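Visitor: I have a structure open in front of me and would like to learn how to read it. Could you walk me through the sheets and the ligand site?

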Amino acid sequence: MSKILITGGAGYIGSMLCTRLIELGHEVTTVDLLKYDKSSLNHLFFNKKFKLINDDVRKKSLMKKLINQNDFIIPLAALVGAPLCEKFKKEAVTTNLGVIKNLCKQVTKKNKVIFLTTNSGYGIGEKNKFCDENSPLKPISLYGKTKCDGEYLIRKKIKNSVCFRLATVFGNSYRMRTDLLVNNFVYKSLKEKKLVLFEPHFRRNFIHIRDVIEAIVFTIKNFNKLRNDVYNLGLSSANISKIMLAKKIKKKNKKLMIKIIKNKKDPDKRDYFVSNKKIEKKGFKAKISLDDGIEELIKVFSNSDKKILNNY
Ligand SMILES: NC(=O)c1ccc[n+]([C@@H]2O[C@H](COP(=O)([O-])OP(=O)(O)OC[C@H]3O[C@@H](n4cnc5c(N)ncnc54)[C@H](O)[C@@H]3O)[C@@H](O)[C@H]2O)c1
């Protein structure tokens, strides 16, 4: 069993990851400021192998001590998404990039780092392109830039590292996000019964949150096989357009009205297929279908009266 430090462990991905790693018997410490859902880790406090430090990852002395005490480091703490980073530019740079610069200085030989970034810079302005890990990343938002720069630094400075470029994540979590495309469409289809689409043919790649978690579990088990490299991480059967996604949701929620606005540009320029062959060849393949995820989300949003928080 390993000693694992996860920053941002109370977040959308972090809360699911902490839970799974504790279930597997690992010792998990997380540092999180609990900016959003303050109860997303409550179910773990009973377990003596779990520790939450309610503090700021930008504190260098705190991080130095924790990095020394742990084997695996999974830095998830960040301001996530373009709108949030635009709103708090300085905090976005110090958290998303400053902390990674610091990590590169503080890691020791025993540390193994697993870093998640976004694949959103692929394919901008490159219609019909199948992107692999060699395709250039051209992030247009501050969020995308901080994450790409973070990946660049980690790959340059930490050989004991594995980086994943994630597709858009969907599915339920202890800290829910409704700004992610699939979650957002299902949420709106139930609450507003209407989806308004611009440039509906734009394609994206998706992945269920539980597949992201299993990819990290796989990486912990097979670190030497994967180390010192970067991999796209998405569900290969889920390279689909926005209109195809909306129609999938309509199949399960017949009352939904889909409205397409012609001649209006979507500020989100992503339009590309992503190849996930590199990680699949190493032995990990995402499995959970969009249909299963949509069914899950319909149940979550239909039954929950919890106020769903967004990053906006
Ligand atoms: N969800 C996705 O689709 C996706 C895709 C690609 C990459 N990622 C990456 O995965 C990571 C987690 O994303 P998420 O979706 O779980 O986001 P999230 O917003 O749900 O979680 C981020 C967590 O970081 C914490 N945090 C922020 N600033 C902090 C600070 N200074 N000190 C301590 N804690 C702080 C927040 O309280 C929050 O709990 C991010 O690094 C993100 O870039 C996510």
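Guide: Happy to. Start with strand order, read across the sheet from one side to the other: here seven strands form an open sheet in the order β3-β2-β1-β4-β5-β7-β11, and the pairing is parallel. Keep in mind that this is a predicted model.

Visitor: Which strands are the edge strands of this sheet?

Guide: Look for strands that pair on one side only: these are β3 (50–53) and β11 (229–233). Then look at how neighbours are turned against each other, which is 20° on average in this sheet, direction ignored.

Visitor: How many bridges join strand β1 to strand β2?

Guide: Pairing is read bridge by bridge. Five bridges join β1 (residues 3–7) to β2 (residues 27–31), and the two strands run parallel. To find your place by eye, go to threonine 7, which stands opposite valine 31 in β2.

Visitor: And what about the helices on this sheet?

Guide: For a helix, ask which strands it meets and at what angle. Helix α2 (residues 60–69) lies across β1, β2, β3 and β4 (72–75), and runs at about 150° to β1. Helix α7 also packs on the sheet, where it touches β1, β4, β5, β7 (161–166) and β11; the direction of α7 makes about 155° with that of β5.

Visitor: What is the order of the strands in the open sheet of three?

Guide: That order is β8-β10-β12, and the pairing is mixed. β8 (168–170) and β12 (239–241) are at the edges with a single partner strand each, so one side of each has no neighbour in the sheet. From one strand to the next, the twist averages 50°.

Visitor: Where can I see the pairing of β10 with β12?

Guide: Strand β10 (residues 203–208) runs antiparallel to β12, and three bridges join them. A handy landmark is arginine 204, whose bridge partner in β12 is isoleucine 240. You will meet α7 (residues 209–221) here too: this helix packs on the sheet, touching β8 and β10, and its direction makes about 65° with that of β10.

Visitor: Now the ligand. Which residues come nearest?

Guide: Begin with the shell of residues around the ligand. There are 30 of them, and Tyr12, Asp32, Tyr143, Lys147 and Arg177 come nearest. By type, the shell divides into 16 nonpolar, six polar and eight charged residues.

Visitor: Which element supplies the largest share of that shell?

Guide: β5 does, with three residues. At least two shell residues come from each of α1 (12–23), β5 (112–118) and α5 (142–157).

Visitor: How do I read the polar contacts?

Guide: Check which atom sits at each end, then the distance. A polar backbone atom of tyrosine 12 is 2.7 Å from an oxygen atom of the ligand, and a backbone N or O atom of leucine 76 lies 2.9 Å from a ligand oxygen. At leucine 33, a polar backbone atom is 3.2 Å from a nitrogen atom of the ligand. Finally, consider cover: on its own the ligand has 830 Å² of accessible area, and the protein covers 98% of that.

Note on methods. Residues are numbered from 1 along each chain as its sequence is written. This is a predicted model: local features need pLDDT of at least 70, side-chain atom pairs count only at pLDDT 80 or more; totals for chains, interfaces and linings use all residues. Side-chain values use heavy atoms; hydrogens and water are left out. Two strands pair if DSSP finds at least two bridges between them. Helices (H or I, at least four residues) and strands (E, at least two) are DSSP runs, numbered from the N terminus. Axes are lines fitted to C-alpha atoms, for helices over the stretch in contact, and angles run from 0 to 180 degrees between N-to-C directions. Contact means heavy atoms within 4.5 Å. A residue is near a molecule or strand if one of its heavy atoms lies within 4 Å of it. A polar contact is a pair of N or O atoms within 3.5 Å; within protein, one must be able to donate a hydrogen and the other to accept it, and residues adjacent in sequence count only if both atoms are side-chain atoms. Accessible areas come from the Shrake-Rupley method with a 1.4 Å probe; for residues, only the protein chains shown count as cover. Ala, Val, Leu, Ile, Met, Phe, Trp, Tyr, Cys and Pro count as nonpolar, Asp, Glu, Lys and Arg as charged, and the others, Gly among them, as polar.
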